[in-house]
Amino acid sequence: MKLYILPVLLQFLGMLVILAEIFIPSLGVLTAIALGLLGYSLYLAFTTISTFSGMIFVGFDLLAIPLLLVLGLKLLAASPLSLKSKLASKDGVVSQALGFEEYGGKQGISVTDLRPAGIALVEEKRLDVVTDGDYINANTPIIVTGVTGNQIIVEKQRIDQNQET
């Protein structure tokens, strides 16, 4: 009966080290330690106990290690060590409202230099805008050429020759 104690203890320690690897980033050092513990316990089971006992240990490892990894990752997701899965306005997160398609083709004026991002005034509303890479000085007339998601794309407004006369 005492022959089983050391391999079982090494299996248990190996499983704990695998669980620790999930929560403590060690660049694989803990994984190497866990492999060593599990490997040595299998060696002891095969050599000192019996081949049948060694196969039972291998079968247990094949079932327990994936389950332990899934359980550990679920625990990590619920722990304070992980990033929050939801961002809320009560936590200070501000997102732009959707529905910017209505600004397509509208004219405005750049409030700040657009290099290529900045702020423009379109229909008396301050908006975060971007250009296609062009630099536009502040107080330059602009026109909205496109909307992609929550990104408003503008370019410098060209003045027609017919409008000047």
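A residue counts as buried here when its relative accessible area is under 20%, and by that cut-off S79, at 15%, is buried. Keep this residue in mind while the tour, which runs through a predicted model, first takes in the whole chain and then returns to it.

**The whole chain**

Begin with the full chain in a cartoon view, where 4 helices and 5 strands can be picked out. Coloured from the N terminus on, the elements appear in the order α-α-α-β-β-β-β-β-α, and if you switch to a surface, the exposed area comes to about 11,600 Å², of which carbon and sulfur atoms supply 64%. Of the 165 residues, 27% count as buried. Among the contacts with a separation of 6 or more, 46% are accounted for by residues 24 or more positions apart.

**Helix α1 and its surroundings**

Select residues 5-23, which form helix α1, and find V8 within that helix. With a relative accessible area of 45%, V8 is partly exposed. Now add A45 to the selection: V8 and A45 are 37 residues apart in sequence, and their C-alpha atoms are 8.8 Å apart in space.

**The pair α2 and α3**

Next select residues 29-49 for helix α2 and residues 51-78 for helix α3, whose axes lie 6 Å apart at an angle of about 155°. Because angles over 145 degrees count as roughly antiparallel, α2 and α3 are therefore roughly antiparallel to each other. To display the contact itself, show the side chains of L38, L42, A45, F46 and I49 from α2, and then T51, S53, G54, M55, F57, V58, D61 and I65 from α3. Sorted by class, this contact comprises 9 nonpolar, 3 polar and 1 charged residues.

Stay on this contact and centre the view on S53, which is found in helix α3. S53 is buried, with a relative accessible area of 7%, and once its neighbours within four places in sequence are set aside, the residues in contact with S53 are Y4 and A45. A45, already selected for its distance to V8, is also one of the α2 residues in the contact with α3.

**Back to S79**

Follow the chain out of α3 to S79, whose place is in the loop between α3 and β1. Add F23 to the view: although S79 and F23 are 56 residues apart along the chain, a distance of 9.4 Å separates their C-alpha atoms.

**The barrel**

Hide the helices and keep the strands, which can be traced around a barrel of 5 strands in the order β1-β2-β3-β5-β4, with mixed pairing. From one strand to the next, the twist averages 55°.

A convenient place to enter the barrel is β1, residues 107-110, which is joined by 3 bridges to β4, residues 141-148, the two running antiparallel. On its other pairing, β1 is joined by 3 bridges to β2, residues 117-122, and these strands also run antiparallel. Which residues stand opposite I109? In β4 the residue opposite I109 is P141, and in β2 it is L121.

Move along β4 to its pairing with β5, residues 151-156, where 6 bridges join the two antiparallel strands. Here I143 can be selected together with its bridge partner in β5, E155. While side chains are on display, recall that in a regular strand they alternate between the two faces of the sheet.

**Two loops with backbone features**

Return to β1 and β2, which form a hairpin with 6 residues between them. P116 lies in this loop between β1 and β2, and the peptide bond leading to P116 from R115 is cis, with omega near -15°.

The last stop is the loop between β2 and β3 (125-131), where E123 lies, together with E124, whose place is in that loop as well. Where does phi stand for E123, a residue other than glycine? The phi of E123 is near 50°, a positive value, and the phi of E124, also a residue other than glycine, is positive too, near 60°. E123 is partly exposed, with a relative accessible area of 47%, whereas E124 is exposed at 77%.

Note on methods: Residues are numbered from 1 along each chain as its sequence is written. This is a predicted model: local features need pLDDT of at least 70, side-chain atom pairs count only at pLDDT 80 or more; totals for chains, interfaces and linings use all residues. Side-chain values use heavy atoms; hydrogens and water are left out. Buried means under 20% relative accessible area, exposed over 50%, partly exposed in between (1.4 Å probe, protein chains only). Contact means heavy atoms within 4.5 Å. Accessible areas come from the Shrake-Rupley method with a 1.4 Å probe; for residues, only the protein chains shown count as cover. Axes are lines fitted to C-alpha atoms, for helices over the stretch in contact, and angles run from 0 to 180 degrees between N-to-C directions. Angles under 35 degrees count as roughly parallel, over 145 as roughly antiparallel, 65 to 115 as roughly perpendicular and the rest as oblique. Ala, Val, Leu, Ile, Met, Phe, Trp, Tyr, Cys and Pro count as nonpolar, Asp, Glu, Lys and Arg as charged, and the others, Gly among them, as polar. Two strands pair if DSSP finds at least two bridges between them.
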